[in-house]
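Got the viewer open? Let's take a short walk through this one, selection by selection.

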Amino acid sequence: MDPVTASLEAVLQRHAAVPPRGVVADYIPELACADPDDFAVAMASVHGSVYRAGDHEREFTIQSVSKPFVYALALADLGLDEVAEHVGFEPSGEPFNAISLEPGTGRPANPLINAGAIVTTSLIPGDAAQSFERIRAGLSAFAGRELELNEAVYRSEAATGDRNRALGFLTLSQGVLARPAEEACDIYFRQCSLMVTVADLAVMAGTLARGGVNPLTRTAVVDPEVAKIALSVMATCGMYDRSGEWMVRVGLPAKSGVGGGIAAVLPGEFGLGVYSPPLDAQGNSVRAMAVLQEMSSRLGLHVFAPP
Ligand code: GLN
């Protein structure tokens, strides 16, 4: 076994020895039936090497890890100035599904809370089908393989998504949502229901690490400037109301999802994907955070670490 894979195996083993704290998301049955013991990690270097350990073949829904990547697609399609008229940049310090808009502008605080993500999704051009296909194809280009929709998760998200629909109508009432609320939410529910593995998350993160060029396919998915902005919002807002502590303790731009995945980026070097379903109160995977924190401190990955 190569030394990188061996060290990924070792970090999983250390954390697998501790019973997982946290609770598997249970707002829909498809997420509640995830195995709490599933545990996997992957690393994708900017040079195109991918290393995997644990249950790395397990597929799970991308959920909120999709948000910075869809934001990058919106920036690529519309430019920063137009996107910024609809969604802001400030950490909200509030839960991911908070009913919250910036005073004065009426924009959601940032694109990584649900309100901001639904607005961002609404900006992707085309009718509903074209817009979702642009998102699916764009996230697939980040991952370097075709991502598919989990129909059952999508249907459950849509059936239970009244709070997200409320955010859709709220942002519509403020004039920042770019399409009808039900339609924007439907595209957003599909976006959250795309299936990924940890290696997909690592390659998606690795694409941001490489300035928007997929390290496997060598395709330029977004411009370096867009990748830089996506990383900036991940660094400031990616872990919701844990974002500040995350930056202090781990120091890597990252994004979590309630499916149990986290994608993290060391710019210029590599992307990481970690998967473990049990979540803390903020909706972040407990074991995935612990793995990333350990890797950051053992390997000195904090982006602001002294040289
Ligand atoms: N589908 C979830 C929601 O919109 C995604 C949230 C998340 O992953 N944090 O509520």
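Before the first stop, a word on classes: Ala, Val, Leu, Ile, Met, Phe, Trp, Tyr, Cys and Pro count as nonpolar, Asp, Glu, Lys and Arg as charged, and the others, Gly among them, as polar. Keep in mind, too, that this is a predicted model.

**Stop 1: the ligand.** Select Q63, S64, F96, N97, N114, E157, N164, C192, G257, V258 and G283, and you have the residues that surround the ligand. Colour this shell by class and you get three nonpolar, seven polar and one charged residues. Now colour by domain instead: domain 1 (3–63 + 194–298) and domain 2 (66–192) each supply at least three residues of the shell.

**Stop 2: the sheet.** Next, show the strands β2-β1-β7-β6-β5, which in that order make up an open, five-stranded sheet with antiparallel pairing. Select 50–54 for β2 and 254–256 for β5; these are the edge strands, each paired on one side only. Turn the sheet to look along it: from one strand to the next, the twist averages 10°.

**Stop 3: one strand pair.** Zoom in on β6 (residues 261–266) and β7 (residues 270–275), an antiparallel pair joined over six bridges. Pick L266 and look across to β7, where its bridge partner is F270.

**Stop 4: the helices on the sheet.** Add α10 (residues 198–209), which lies across β1 (40–45), β2, β6 and β7 and runs at about 150° to β7. Then bring in α13 (residues 286–299): this helix also packs on the sheet, where it touches β1, β5, β6 and β7. The direction of α13 makes about 145° with that of β7.

Technical notes. Residues are numbered from 1 along each chain as its sequence is written. This is a predicted model: local features need pLDDT of at least 70, side-chain atom pairs count only at pLDDT 80 or more; totals for chains, interfaces and linings use all residues. A residue is near a molecule or strand if its C-beta atom, placed from the backbone, lies within 6 Å of it. Domain bounds come from an automatic or database domain assignment. Two strands pair if DSSP finds at least two bridges between them. Helices (H or I, at least four residues) and strands (E, at least two) are DSSP runs, numbered from the N terminus. Axes are lines fitted to C-alpha atoms, for helices over the stretch in contact, and angles run from 0 to 180 degrees between N-to-C directions. Two residues are in contact if their C-beta atoms, placed from the backbone, lie within 7 Å.
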